Amino acid sequence: MRESVQAEVLMSFLVSEELSFRIPVELNYEMGDPYAVRMTFHLPGDAPVTWAFGRELLLDGINRPSGDGDVHIAPAEPEGLSDVRIRLRVGSDSALFRAGAAPLVAFLDRTDKLVPLGRERTLSDFEDSLEAELGRILAEESAG
């Protein structure tokens, strides 16, 4: 059984209003971490950089501005399914990327076939481990 979904998408790295260049970005989704999507950016002259964020954030950001942390995703145009802007921040630094919505939707569709949205909890070892650990802690507290 397949346990992951991968894709490669060309995105524009928007350095400024006048300067941008296309870079390959690897998209990865794994059943072992069913809530997250990973994007690995291959910038020329630098080591690849991987960002992980919620699959639902990517899905929401294709249709409307989303994200309130270090990752912001929004449609490039207010109407229609065109391009998507992805802004990544570290402290006061940020990077802006632009990608076609169609390959992102195709990738998300493949992830949904692997793990349907809303069904992540049934697969997540993390949540099972967390519940077991919380149960152990609560048992220790009530015994002590």
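**Reading one arginine, one core and one charged network**

Guide: Let us start with a single contact in this predicted model: a polar atom of the Arg55 side chain lies 2.9 Å from the backbone oxygen of Val115.

Visitor: Where is Arg55 found, and is Arg55 buried or exposed?

Guide: Arg55 is found in helix α1, which covers residues 55-63. A residue is called buried when its relative accessible area is under 20%, and because Arg55 has a relative accessibility of 2%, this arginine counts as buried.

Visitor: Which residues does Arg55 touch, leaving out those up to four places away in sequence?

Guide: With those left out, Arg55 touches Tyr29, Pro34, Tyr35, Ala36, Val37, Leu108, Thr111, Asp112, Val115, Pro116, Leu117 and Glu120. Val115, whose backbone oxygen we met at the start, is thus also among the residues that Arg55 touches.

Visitor: How should I read a nonpolar core, and how many residues does the largest one have here?

Guide: The general idea is that in soluble globular proteins nonpolar side chains tend to be buried together. In this structure the largest nonpolar core has 32 residues, and those with the most contacts inside it are Met11, Met39, Phe41, Phe97 and Leu104. The largest share of this core, five residues, comes from helix α2, which covers residues 101-114.

Visitor: What does Met39 touch?

Guide: Not counting residues up to four places away in sequence, Met39 touches several residues, including Met11, Val25, Leu27, Trp51, Phe53, Ile86 and Leu104; Glu26 and Thr50 are also among them.

Visitor: How do I read a salt bridge, and how many does a search of the whole structure find?

Guide: The general idea is that side chains of opposite charge can pair when their charged atoms come close. A search of the whole structure finds six salt bridges. One of them joins Arg64 and Asp60, at 3.6 Å from N to O; Arg64 is partly exposed, with a relative accessible area of 45%, and Asp60 is partly exposed too, at 22% relative accessibility.

Visitor: Which residues are joined into one network by salt bridges that share partners?

Guide: Look at Arg98, whose side chain meets that of Glu77 in a salt bridge of 3.8 Å, N to O. Arg98 lies in strand β7 and Glu77 in the loop between β5 and β6, so the pair ties together parts that are 21 residues apart in sequence. The side chains of Asp83 and Arg98 also meet in a salt bridge, at 2.8 Å, and this pair links strand β6 with strand β7, 15 residues apart. Salt bridges that share partners therefore join Glu77, Asp83 and Arg98 into one network.

How values were computed:
Residues numbered from 1 in each chain as written. Predicted model: local features only at pLDDT ≥ 70, side-chain atom pairs only at ≥ 80, totals over all residues. Heavy atoms only, no water. Core = buried A, V, L, I, M, F, W, Y, C linked by side-chain atoms within 4.5 Å. Buried < 20%, exposed > 50% of the residue type's maximum accessible area, 1.4 Å probe, protein only. Helix = DSSP H or I, 4+ residues; strand = E, 2+ residues; numbered from the N terminus. Contact = heavy atoms within 4.5 Å. Polar contact = N/O pair within 3.5 Å; in protein donor to acceptor, adjacent residues only side chain to side chain. Salt bridge = Lys/Arg side-chain N within 4 Å of Asp/Glu carboxyl O.
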